[in-house]
Amino acid sequence: MQKASPAHGVYRLAMRATASPRTIEAGAIAEATRDLRSGIAGRERDFPTYIAALSRNLGLWTHLAADIIYLDNKLPKELRTQLIRLAAFVRSHTLRLQRRDVAADPQVLVDINQNIIAGLLAAPL
């Protein structure tokens, strides 16, 4: 995982101050996805970094699920239900990967994240 430059940190703070919540969420998921890709690529030589990337992604999904079930959430009920089911899948799949279940493909998590990013950056609901 790369360390960000000080200028990058300032840019991120400015972006958070001016970006929409959807853009911020997409950025957080994109960052977790980059870590996942890196962890997947190096998992044989650096398993702890792979586990850290999986854990970070799971933490992000846990946070998203908590936001989704919040009573004041404005998403349509059907979409909220689908996202909660997706978060549950991410959790169970991540646990399988952490146990080194050879039948579990980590690329699935990357694909899910990419699809969610695309949805967040598409036209508003």
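User: Why is the pairing of Arg-56 with Asp-35 called a salt bridge?

Analyst: In this predicted model, the closest N and O atoms of Arg-56 and Asp-35 are 2.4 Å apart. The cut-off is a side-chain nitrogen of Lys or Arg within 4 Å of a carboxyl oxygen of Asp or Glu, so the pair of Arg-56 and Asp-35, at 2.4 Å, qualifies.

User: What makes this pair a tie between parts that are apart in sequence?

Analyst: Arg-56 belongs to helix α3 (residues 47-69), whereas Asp-35 belongs to helix α2 (residues 21-41). The pair therefore ties together parts that are 21 residues apart in sequence.

User: Why is Asp-35 called buried, and why is Arg-56 called partly exposed?

Analyst: Asp-35 has a relative accessible area of 14%. Buried means under 20%, so Asp-35 is buried. Arg-56 has a relative accessibility of 34%. Partly exposed covers what lies in between under 20% and over 50%, so Arg-56 counts as partly exposed.

User: Which residues are linked with Arg-56 in a network of salt bridges?

Analyst: Glu-31 and Asp-35 are linked with Arg-56 in that network. A search of the whole structure finds four salt bridges.

User: How do you know that Arg-43 and Glu-44 meet in a salt bridge?

Analyst: The N to O value for their side chains is 3.9 Å. The criterion is within 4 Å, so Arg-43 and Glu-44 satisfy it. Arg-43 counts as partly exposed at 27% relative accessibility, and Glu-44 counts as exposed at 75%. The cut-off for exposed is over 50%, which Glu-44 meets.

User: What makes the contact of Asp-101 and Arg-96 a salt bridge?

Analyst: Their side chains meet at 2.9 Å, N to O, and the cut-off is 4 Å, so the term applies to Asp-101 and Arg-96. Asp-101 is partly exposed at 26% relative accessibility, and Arg-96 is partly exposed at 27%.

User: Where is Arg-100 found, and why is it called exposed?

Analyst: Arg-100 lies in the loop between α4 (77-98) and α5 (107-121). Its relative accessible area is 53%; exposed means over 50%, so Arg-100 is exposed. Arg-100 also has a positive phi of about 65° although it is not a glycine.

User: Which residues touch the most other members of the largest nonpolar core?

Analyst: The core has 24 residues, and those touching the most other members are Ile-29, Leu-36, Leu-54, Trp-61, Leu-97, Leu-109 and Ile-116. The elements giving two or more residues to this core are α2, α3, α4 and α5. The largest share, eight residues, comes from α3. In soluble globular proteins, nonpolar side chains tend to be buried together.

User: Which residues are in contact with Leu-36, leaving aside its neighbours within four places in sequence?

Analyst: Leu-36 is in contact with Ala-53, Leu-54, Asn-57, Leu-109, Val-110 and Asn-113. Contact means heavy atoms within 4.5 Å.

User: How many helices and strands does the protein chain have?

Analyst: The chain has five helices and zero strands, in the pattern α-α-α-α-α along the sequence. Buried residues account for 29% of its 125 residues. Among contacts between residues at least 6 apart in sequence, 64% join residues at least 24 apart. The accessible surface of the chain is about 8,200 Å², and 60% of that belongs to carbon and sulfur atoms.

Terms used. Residues numbered from 1 in each chain as written. Predicted model: local features only at pLDDT ≥ 70, side-chain atom pairs only at ≥ 80, totals over all residues. Heavy atoms only, no water. Helix = DSSP H or I, 4+ residues; strand = E, 2+ residues; numbered from the N terminus. Buried < 20%, exposed > 50% of the residue type's maximum accessible area, 1.4 Å probe, protein only. Core = buried A, V, L, I, M, F, W, Y, C linked by side-chain atoms within 4.5 Å. Areas by Shrake-Rupley, 256 points an atom, 1.4 Å probe, with all protein chains shown as cover.
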